[in-house]
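Visitor: Could you take me through one part of this model up close? I'd like to look at the place where the two chains meet, with some background on the chain on the far side.

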Amino acid sequence: MTIWPLETISNVIQMLALLVLVVFLWFRADKTKRPMVVKFYTFGLFSYFMGDLFWALYQLLLNEAPDGFSASDLVWLGSFCIFTGIIQMLGVDNMKQPWWVWAVPAIVVANAVSWDLLWSDNYINNGLWGVVLTIYAWYIAAGFNSAGKAMKPYYISNATMLLVDLIMFQSWGIVYTIMNFVMTANMIVMPLLLLRCIERDADDREGAEQ
Amino acid sequence: MTYVENIFVCIAVPLAVAIAFTKGGSRRFCVFLLTGLVACLLSAYINSFLVSVTHYSTSRAAVYFTPITEELMKLCPVLFYFLIMEPDSDRIISAAVAVGVGFATFENCCYLITNEAVTFSEVLIRGLAVGVMHTICTIITGLMLVWFAKYRRMTPVFMLGVFAIAVTIHAVYNLLVYVPGLSREIGFAMPILILAAVLIIEKSGVGILNDRDKY
């Protein structure tokens, strides 16, 4: 009797967790203070789920990982764009940002260049990932800087997701699989934090107005 | 040998005549049906070009880039209509349906003419699988456009997400059908199951159409 490789198990667990979260958030959204933000976030998670689905099916059916730019990459990039859009919806001030807000995307750029130079010759795929994650990184930093105290934990969970993703690009084997489990844990925590932060932020605003 | 352009002319000319003699919603539907045919023809050209450039096999191309080109070609007319004409939600959905039906019709006609020995059961599976899959992908795109209509500033970001989801549904279908056995049977059933799920969600009042006037 054989069992699936650990990487496939981690992908399937992530997929199931995302599916449960998508259903939960879709029905929970209407009870929150910002239902459209939560629904768009659910859409982002669903995109990520679709990427996992394609990746896991490809591995299970063809016994290899997709090579080059696949549907998974496209839909994962789409989900990161949606997460970026949600930060924009939550409100990023157009005021002049401090230097460290620009330092965060600079780290991502350095990381993306190192994938290309050290590990891979898939320049188009890595380039696209680099651009999307760099923009995401800037929005996380700018959002963290602009947000009130109540919203900050949500941005920290976004930063954790970005960090784990960057590590996954530079890792393979057991480290990659462990990071995939960490990513799953973060993806479970992130929407719950979003729900809590939205409620607290709305309460803070109401309190300030009174 | 029958050229795809010949099949295109045979289907497109009656539709073009219909456009001249109809009005309102019927004319719009015919226009988008014809647009679906054109989208299918153009994506056939692009796919052939990409296969010759990348030297991918047809099955590998079907998993990697065919879904991207086909969904992009179907999305473009619907997106153009949404952004330029600013139609109401019912019109967006009927435009998306017509583009998907036109695309699927042309692809199925080409399949039938190039594979003369297909049995009725194969034709039925083809119609219910690929035919429904193309239509459901564009319906999902249309539903998402209705959903995002109030957030126009975010359209570029969310459109990428919508496009990516349509591509992935298409790619998952192609991947499942590529491997013989149970996987292929699940693949053939997948479009009908997704269609049933979308219908149940929308009719039960928890879907996207329910949200359009809510917020």
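**Where chain B meets chain A**

Guide: Let's start with chain A: of its 210 residues, 40% are buried. Keep in mind that this is a predicted model. Chain A has seven helices and zero strands, so its elements, read from the N terminus, simply go α-α-α-α-α-α-α. The radius of gyration of chain A comes out at 18 Å, close to the 17 Å from the globule rule for 210 residues, so chain A is as compact as a globular protein of that length. Along the principal axes, its C-alpha atoms fill a box of roughly 65 × 40 × 25 Å. As for contacts within chain A, take those between residues at least 6 apart in sequence: 76% of them join residues at least 24 apart.

Now for the part you asked about. On chain B, 19 residues are in contact with 23 residues of chain A. Two elements of chain B give two or more residues each to that side: α4, spanning 66-85, and α7, spanning 155-178. The largest share belongs to α7(B), with 12 residues on the side that touches chain A. Sort that side of chain B by class and you get 16 nonpolar residues, three polar ones and no charged ones.

So if you zoom in anywhere, go to α7(B), the element with the largest share of chain B's side, and then add α4 of chain B to the view.

Terms used:
Residues are numbered from 1 along each chain as its sequence is written. Chains are lettered from A and ligands numbered from 1 in the order in which they are written. This is a predicted model: local features need pLDDT of at least 70, side-chain atom pairs count only at pLDDT 80 or more; totals for chains, interfaces and linings use all residues. Two residues are in contact if their C-beta atoms, placed from the backbone, lie within 7 Å. Helices (H or I, at least four residues) and strands (E, at least two) are DSSP runs, numbered from the N terminus. Ala, Val, Leu, Ile, Met, Phe, Trp, Tyr, Cys and Pro count as nonpolar, Asp, Glu, Lys and Arg as charged, and the others, Gly among them, as polar. The radius of gyration is taken over C-alpha atoms; the globule rule is 2.2 Å times the number of residues to the power 0.38. A residue is buried if 20 or more other C-beta atoms lie within 10 Å of its own, exposed if 12 or fewer, and partly exposed in between; C-beta atoms are placed from the backbone.
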